[in-house]
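Thank you all for coming; I would like to take you through one structure this morning, starting from a record and ending with the way its parts sit together. Please have the sequence and the model open while I talk.

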Amino acid sequence: MRTKQQYIDGLNKLKRNLYFGGDKVGRDHEALEQPINVIGVTFDAAQDPELAPLCTAKSHLTGETINRFCHVHQSTQDLHDKQDMTRTLCRKVGFCIGRCMGVDAINAVNAVSFEADKSNNGATEYHKNFINWLTNFQKNDLVGSCAQTDVKGHRLMRPAQQPDPDSYLHIVERRADGIVVRGCKVHITQAAVADEILVVPTRSLGPDEADYAVAFAVPADHEGVKQVLHPHFMRNRKQFKRGFDWGVVDSYVVFDDVFVPWERVFLAGEHQHGGLCALLFALFHRHSYSGCKPAIGDVLLGMAAMAAEINGIEKTSHVRGMLAEFVKVSELGYAAGFTASSLGSTQINIPGLGKAPYGPGGFFPDSVYANVGRCLTGEAVFHEQELLCDIAGGVPSTFPFEQELTNEEVKPFLEKYINRQSKVSVEDQIKFWLYFGDITCSNLNGSITYGSFHGGGSPIMEQIAIVSQYDIKARKDIVRNLAGMTTGGKK
Ligand SMILES: Cc1cc2nc3c(=O)[nH]c(=O)nc-3n(C[C@H](O)[C@H](O)[C@H](O)COP(=O)(O)OP(=O)(O)OC[C@H]3O[C@@H](n4cnc5c(N)ncnc54)[C@H](O)[C@@H]3O)c2cc1C
């Protein structure tokens, strides 16, 4: 396994294909320092004797100890461990840990590449390609990002119906030595600070959309790959330092007729498996949210409780009700993920067919529970911000900047008028409100709340998954029986 420094050294060897601030920049740009430090925690954790049992796993390919973010889940315990690792590390950094997209994509592609080969009766070697790639990925402890979301053009048109065929990434040429792809994947988290970009389809596909059924991996600086960045980071502080400066970076990843050699291609034309690949990445990723969203809930609850204490209102009944709201969302989200892990199996729900074994034996979380958990926590994010706004009052939105808080002419006045009670020092009250502003009232917060809502698929996508997989007919039968009805179904 690598150290954080070895990861950084690896990034610094990549070619400059990042567009930011009017320039073409390298991975050593200051805007990427915080996103890199976040991923760095995943390397530190794997070396930490206390965290290593949770944050490492035994590779099913080599038997070696690997970082759990590179692992294919072999049991329900692995699913529990991924969920708990995610919650633990997100608590450490204060928000998204930024490495789950890679592990979620490898688990999806592991299954899909295997099944596509099976359907092709051995005419393709997708799974062999994937296993070779994964062995190297695990051995070198690489960081993967997942590029699923296409620009999608007109939302009600399928990929093949779009006026611009490049609205969804697709194969434009098949050669003896590989494929050429064109398109743009958007909102791709940590792609700029990843070693590899795994590309998977966005949605279900028809027989006329075989060229859109494509999955592969390329280095993050691969020829023809251009990344246009939108970093989100916390404003640097000189005096009132935070415990951890959290940041993340999202990219528009442009594939400008990119050549991908066959040994990096894991699917190229099997439309049914393309659709399943989209569903499976989303399933694993929604399960990851049952670890990160409860951790974010832990941070928000801590902020709400601390604001209530500083404001002297912690014993009021309306504040108790608000604090309970945070706990309900976080722990129901966690419980849903826990159940999805416990009910995990080597089977998936195949649309139109029901539950069936899929893939070479990797474990999938239960889909209904992974989806209800993600939907519940995603829909709650703006309500949680509302609760924080309510408890805090107006202070985070107008709080003085660090330069004034340290300016001797106004500092004594600010300290006098910021102080609300004696249990917490004025300096700590200042640090607290500055942090509160970072998380609720900032450019950073606007972006990350959108991510907490839409990441892994908007709530409508989870609702579709829930309703299409849940046995609603059985519930109608219960009512028919209870009401004494005799028509329209089983008695
Ligand atoms: C901060 C952030 C980080 C992200 N990170 C990643 C990442 O690492 N990798 C990745 O692949 N993706 C990532 N995403 C993308 C995320 O998965 C998408 O934002 C999400 O799937 C919604 O897609 P969209 O943004 O295109 O919104 P849309 O799909 O355009 O949704 C907008 C609205 O249109 C509605 N709508 C869309 N299509 C239809 C339709 N056919 N019929 C009716 N209504 C429709 C939706 O319900 C919604 O109300 C990230 C997103 C954010 C915000």
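Before I name a position, a word on the record: UniProt positions are given in the numbering used here, and annotations may be inferred rather than shown by experiment. Please also keep in mind that what you see is a predicted model.

With that caution, the UniProt entry, which is unreviewed, lists Thr 189 under "binding site". Thr 189 lies in strand β7, which covers residues 178–189. Is Thr 189 buried or exposed? With 23 other C-beta atoms within 10 Å, Thr 189 is buried, because the cut-off for that class is 20 or more. If we leave aside its neighbours within four places in sequence, its contacts are Gly 98, Met 101, Ser 145, Val 248 and Asp 250.

Let me stay with this stretch of chain, where two residues deserve a look at their backbone angles. His 187, which also lies in β7, has a positive phi of about 65° although it is not a glycine. His 187 is partly exposed, since 18 other C-beta atoms lie within 10 Å. Gln 190, in the loop between β7 and β8 (196–199), likewise has a positive phi, near 60°, in a residue other than glycine. Gln 190, however, is buried, with 28 other C-beta atoms within 10 Å.

Now to the ligand. Which residues come nearest to the ligand? Of the 21 residues around it, the nearest are Gln 148, Thr 149, His 187, Thr 189 and Gly 451, so the position that the record lists as a binding site, Thr 189, is one that we meet again here. At least two residues of the shell come from each of β5 (144–147), β7 and α15, and α15 gives the most, with four. Sorted by class, the shell has 11 polar, seven nonpolar and three charged residues. Where does the ligand lie with respect to the two domains? Domain 1 (4–273) and domain 2 (276–477) both give residues to the shell, and therefore the ligand lies between them.

That brings me to the domains themselves. The domain assignment gives domain 1 as 4–273 and domain 2 as 276–477, and their centres, taken over C-alpha atoms, are separated by 23 Å. The contact takes 49 residues from domain 1 and 38 residues from domain 2. On the side of domain 1 that touches domain 2, α4 (76–93), α5 (100–119), β10 (225–233) and α7 each supply at least two residues, and the largest share, 12 residues, comes from α5. The residues on that side divide into 22 nonpolar, 17 polar and 10 charged.

Finally, I would like to turn to one helix, α9. This helix runs over residues 367–379, and its 13 residues should span 18 Å at 1.5 Å a residue, which agrees with the 18 Å between its end C-alpha atoms. α9 is mostly covered, as 10 of its 13 residues are buried; among them are Tyr 369, Val 372, Arg 374 and Cys 375. What do the buried residues of α9 pack against? Their partners are α7 (271–310), α8 (317–342), β13 (347–350), α10 (381–392), α15 (443–454) and α16 (459–469). One of these partners, α15, is the helix that gives the most residues to the shell around the ligand.

Key. Residues numbered from 1 in each chain as written. Predicted model: local features only at pLDDT ≥ 70, side-chain atom pairs only at ≥ 80, totals over all residues. Buried ≥ 20, exposed ≤ 12 C-beta atoms within 10 Å, placed from the backbone. Contact = placed C-beta atoms within 7 Å. Expected span 1.5 Å × (residues − 1). Near = placed C-beta within 6 Å. Nonpolar A, V, L, I, M, F, W, Y, C, P; charged D, E, K, R; others polar. Domains from an automatic or database assignment.
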